[in-house]
Structure formats: structure tokens, C-alpha cells
Amino acid sequence: MANQLLSGKKGIIFGALDENSIAWKTAERVFEEGGQFVLTNAPIAMRMGKINELAEKTNSIVIPADATSEEDLAKLVEQATEHLGGKLDFVLHSIGMSVNVRKGRAYTDEKYDFTAKGWDVSALSFHKVMQSLYKADAMNEWGSIVALTYMAAQRTFPDYNDMADNKAYLESVARSFGYFFGKEKKVRVNTISQSPTPTTAGQGVKGFDAFINYAEKMSPLGNATAAECADYTVSLFSDLTRKVTMQNLFHDAVSPIQE
Ligand SMILES: NC(=O)c1ccc[n+]([C@@H]2O[C@H](COP(=O)([O-])OP(=O)(O)OC[C@H]3O[C@@H](n4cnc5c(N)ncnc54)[C@H](O)[C@@H]3O)[C@@H](O)[C@H]2O)c1
């Protein structure tokens with residue numbers, strides 16, 4: 001299905017941990033479409049994951065960066081633009097983690113330093129990534145920045161816990177930064193609200209199997225897979241969507257029938 005939609009385009013892809021990761025599938029699709037990129041993940045994920053395998057397959061390099069560290073992000077942007085030989089056309093933020101979820105704390109029993117850490121990783125990191133790109137003037141005009149979110153930002157899914165609040169914040173950052181990035185640099189910023197997907201982060205949600213089956217039944221087109229999410233992201237990185245910005249784009253058709 002490759003059409004060289006991203007031929008000549010360069011970017012950074014955050015969050016490929018293993019072959020189930022949405023970012024992993026996206027990296028493979030971007031590569032098929034002719035895009036060139038740097039892969040990045042938190043230093044700890046490098047040791048656990050298989051990102052080097054993906055780098056080899058996609059002819060890319062890996063630059064570790066903790067997405068909560070402004071210093072790491074500044075270095076990443078500098079080294080990525082140097083390696084790729086110029087400014088960037090696309091960036092994928094595919095990062096999420098709740099310490100409360102990991103430690104089994106209920107929404108009504110949050111430990112707030114866990115809450116703060118999860119918010120920093122899952123939500124504020126998107127602002128930090130964009131601010132690093134903006135200050136370094138690292139994006140080309142008509143570039144595209146995408147982050148992944150979930151519908152729990154709009155509807156109540158009790159087991160999604162504090163990630164619901166993190167996603168609401170992330171979507172707001174996309175709109176707010178999207179304004180400045182659009183006005184000043186003609187760069188678009190969107191979030192894709194993806195279906196439940198069996199990945200490491202997805203399966204961390206309590207009752208995930210029941211949840212994914214429910215979503216499948218509620219969606220006229222069925223759940224979107226990670227590979228389909230990668231296709232959608234490619235379309236948002238391509239020149240075919242140059243005037244789409246500051247949008248939260250649902251990718252599972254559930255939303256309309258719940259209105
Ligand atoms: N899986 C789902 O059901 C689902 C649904 C909707 C949205 N999403 C979102 O998709 C995105 C990708 O998640 P996934 O499902 O592919 O799971 P995943 O576990 O494969 O990816 C999450 C990534 O976040 C990275 N990460 C965590 N802390 C980090 C840090 N400090 N700095 C840099 N990277 C860090 C992890 O190393 C991992 O690569 C997340 O934003 C997630 O919330 C997932």
C-alpha cells in the first residue's frame with residue numbers, strides 16, 4: 001500500500017517499545033511511505049524494549065530521551081535535526097503511563113505524587129516536546145505534530161483512572177499549542193483518539209479484555225487496530241491534510257452514537 005506519501009519528509013517518533021506499540025507500527029508505515037526519522041524513548045525503555053531492532057529495519061537511529069526532561073528534549077531536537085540534515089516535517093508523541101494505575105490505586109485513592117508523575121509523562125511531556133521544537137525553530141512550514149489520546153477525556157470510563165484527566169490535558173495542549181504553531185510557523189497539531197488497542201500501555205488498564213470487546217460492539221466499523229492508527233497518522237503527516245489542525249480526531253466511530 002506504499003505510495004511514497006512521505007517521500008523527503010523527516011521526523012521524530014516517540015514511544016516505540018515493542019512490536020505491539022502504536023509508535024512501532026507507525027514507524028514501519030512511515031518508512032514504507034518514504035519518510036526518514038529518529039526513534040526515541042525513555043532510557044529505561046531502551047533496556048526493556050526492542051527499539052534497536054526497529055531502528056535496523058527502518059534504517060533509523062535511536063536517541064534516548066526522557067520526555068519529561070527539557071534538557072533531554074533539547075539535545076534530542078538538536079541531534080535529530082543534525083542527523084537528518086535539516087528541520088523536521090513530522091513528530092509523533094506516543095507516550096503514556098499512570099503510576100496510580102501501575103500501583104493499583106483507585107481514582108478515589110490517588111497518591112498525588114504518583115498523579116503528578118503520570119501527568120508529567122503522559123500530558124505535560126507533549127507541551128515540553130512542542131516547546132523544545134518551537135524554541136529551536138526545528139519544524140518546517142506545513143509540518144505536522146500528532147499525539148495519541150483516548151475517549152476517556154470526554155466520557156467516563158472508571159477504570160481508565162487518572163489517565164482520563166491526563167488525556168483531557170493533552171488534548172487541550174494540542175489546541176493551545178496548535179494555535180501558536182499554526183500562526184507563527186504554519187505547523188499543524190492534532191490528537192488521534194484511538195480505540196482500545198492491545199499494547200503494553202493498553203493492557204495496563206484494569207479489565208482491558210472486557211473493555212476492548214465492549215468498544216468493538218459499540219463501534220459501527222469495529223475497533224481500529226494499531227496498524228490502522230499508523231495509516232491514519234501517515235495521512236496526518238502527509239501533504240493531503242495540510243489545513244487540518246487543533247483537532248481531536250476520533251478513530252473508532254464510537255463517539256457519534258454516544259451523543
Ligand atoms: N493501547 C490503547 O488502548 C490506547 C488507546 C488510545 C490511546 N493510546 C495511547 O497511545 C500512546 C502509545 O501507547 P501504546 O498503547 O502504543 O503503548 P506502549 O506501552 O507500547 O507505548 C507507551 C510508550 O510510552 C513510553 N514512555 C513512558 N514514559 C516515558 C518517558 N518518560 N519518556 C519517553 N517515553 C516514555 C514507553 O516507553 C512506551 O514506549 C499512549 O499515549 C497511549 O495512551 C493507547
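**Figure 1. Helices H1 and H10 cross obliquely in this predicted model.** The axes of H1 and H10 (residues 226-237) come within 8 Å. They cross at roughly 55°. That angle is neither under 35 degrees nor in the 65 to 115 range, so H1 and H10 are oblique to each other. The crossing of H1 and H10 is right-handed. On the H1 side, the contact is made by Ile22, Lys25, Thr26, Arg29 and Val30. On the H10 side, these residues meet Ala226, Ala227, Cys229, Ala230, Asp231, Thr233, Val234 and Phe237. By class, the contact of H1 with H10 holds 8 nonpolar, 2 polar and 3 charged residues.

**Figure 2. Helix H1 is mostly covered.** H1 spans residues 22-32. Of its 11 residues, 8 are buried. These are Ile22, Ala23, Trp24, Lys25, Thr26, Ala27, Arg29 and Val30. Two charged residues, Lys25 and Arg29, are therefore among the buried positions of H1. Lys25 and Arg29 also take part in the contact with H10. An α-helix has 3.6 residues a turn, so residues three or four places apart point the same way. Just after H1, Gly34 takes a positive phi of about 95°.

**Figure 3. The shell around the ligand has 27 residues.** Which of them come nearest? Ser21, Ala45, Gly96, Ala201 and Gly202 do. Three elements give two or more residues to the shell: helix H1, strand S5 (139-149) and helix H8 (200-203). H8 provides the largest share, 3 residues. By class, the shell has 14 nonpolar, 12 polar and 1 charged residues.

**Figure 4. Helices H6 and H7 run roughly parallel to each other.** H6 covers residues 112-135 and H7 covers residues 163-185. Their axes come within 8 Å and cross at roughly 10°. Angles under 35 degrees count as roughly parallel, and H6 and H7 therefore fall in that class. From H6, the contact residues are Gly118, Trp119, Ser122, Ala123, Phe126, His127, Met130 and Tyr134. From H7, they are Met163, Asn166, Tyr169, Leu170, Val173, Phe177 and Phe181. The contact of H6 with H7 has 11 nonpolar and 4 polar residues, and no charged residues.

**Figure 5. Val91 is a buried residue of strand S4.** S4 covers residues 88-93. Is Val91 buried or exposed? Val91 has 26 other C-beta atoms within 10 Å. The cut-off for a buried residue is 20 or more, so Val91 is buried. Beyond its neighbours within four places in sequence, Val91 is in contact with Gly11, Ile12, Val129, Leu133 and Ile145. Val38 is 53 residues from Val91 in sequence. In space, the C-alpha atoms of Val91 and Val38 are 9.7 Å apart.

**Figure 6. Gln4 and Trp142 have positive phi values without being glycines.** Gln4 has a phi of about 55°. Gln4 is found in the segment before strand S1 (10-14). Gln4 has 10 C-beta neighbours inside 10 Å, so Gln4 counts as exposed. Phi of Trp142 is near 65°. Trp142 lies in strand S5, one of the elements that give two or more residues to the shell around the ligand. Trp142 has 13 C-beta neighbours inside 10 Å and therefore counts as partly exposed.

Methods. Residues numbered from 1 in each chain as written. Predicted model: local features only at pLDDT ≥ 70, side-chain atom pairs only at ≥ 80, totals over all residues. Near = placed C-beta within 6 Å. Helix = DSSP H or I, 4+ residues; strand = E, 2+ residues; numbered from the N terminus. Axes fitted to C-alpha atoms, helices over the stretch in contact; angles between N-to-C directions. Parallel < 35°, antiparallel > 145°, perpendicular 65-115°, else oblique. Left-handed = near helix turned anticlockwise from the far one by under 90°. Contact = placed C-beta atoms within 7 Å. Buried ≥ 20, exposed ≤ 12 C-beta atoms within 10 Å, placed from the backbone.
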